[in-house]
Amino acid sequence: MPLPELTASIDTMLSTENLGAFFASRWGQYAMIITFFGLVITFLRVLYGPKGFFRDPEWDRWNEAALRKEEEDAAQSAAAVRGETAAVSPVAEGQVVPADAAPGSVAPVKVSQPGSEAERDG
């Protein structure tokens with residue numbers, strides 16, 4: 001095909017009538033819907049996604065803490081599968097781990113403070 005004929009066929013395919021007929025068809029409407037939602041998703045991703053303009057830094061801290069917790073859990077479960085004893089997890093104040101307790105269980109215990117009624121009475 002010589003170049004002038006190719007240009008004429010491209011002009012015919014991209015005419016207003018043909019584009020209007022395409023967008024009036026079912027597939028043209030699908031294309032417009034997909035384009036619209038793609039633009040909305042991209043817009044929100046730019047604004048609120050990782051390193052987004054309006055992203056709250058607290059979200060990143062939550063994500064990092066969750067990843068650290070998952071890594072610790074995975075390491076503990078891997079150690080349990082290998083039969084190794086996992087590192088002792090910190091126990092909250094006022095709780096003790098009984099000697100005959102199952103691993104990971106904690107029993108609340110009342111802890112008396114120095115100078116409390118229990119020491120004065122005894």
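Is Phe 54 buried or exposed? In this predicted model, Phe 54 has a relative accessible area of 54% and is therefore exposed, where exposed denotes over 50% relative accessible area, buried under 20%, and partly exposed the range in between (1.4 Å probe, protein chains only). Residues are numbered from 1 along each chain as its sequence is written, and side-chain values use heavy atoms, with hydrogens and water left out. Because the model is predicted, local features need pLDDT of at least 70 and side-chain atom pairs count only at pLDDT 80 or more, whereas totals for chains, interfaces and linings use all residues.

Aromatic pairing was examined next. The search of the whole structure yields 3 aromatic pairs; rings of Phe, Tyr and Trp (its six-membered ring) pair if their centres lie within 6.5 Å, and planes under 30 degrees apart count as stacked, over 60 as edge-to-face and the rest as tilted. One of these pairs joins Phe 36 and Phe 37, whose ring centres are 5.3 Å apart and whose planes meet at 70°, so the arrangement is edge-to-face. Phe 37 is partly exposed, at 48% relative accessibility. Another pair links Tyr 48 with Phe 54: the centres are 6.1 Å apart and the planes stand at 45°, so this pair is tilted. Tyr 48 has a relative accessible area of 38% and is therefore partly exposed.

Charged side chains were considered in turn. Side chains of opposite charge can pair when their charged atoms come close. The whole structure contains 3 salt bridges, each defined as a side-chain nitrogen of Lys or Arg within 4 Å of a carboxyl oxygen of Asp or Glu. In one of them, Arg 55 and Asp 60 are joined at an N to O distance of 2.8 Å. Arg 55 counts as buried at 18% relative accessibility, whereas Asp 60, with 33%, is partly exposed.

Two further salt bridges belong to helix 4 (residues 57-82); helices (H or I, at least four residues) and strands (E, at least two) are DSSP runs, numbered from the N terminus. Glu 58 and Arg 61 form a salt bridge with their closest N and O atoms 2.7 Å apart. These two residues are 3 residues apart in the helix, so about one helical turn separates Glu 58 from Arg 61. Glu 58 is partly exposed at 27%, and Arg 61 is likewise partly exposed at 47%. Asp 73 and Lys 69 also form a salt bridge, with a closest N and O separation of 3.4 Å. Asp 73 and Lys 69 lie 4 residues apart in helix 4, about one turn of the helix. Relative accessibility is 37% for Asp 73, which is partly exposed, and 48% for Lys 69, which is partly exposed.
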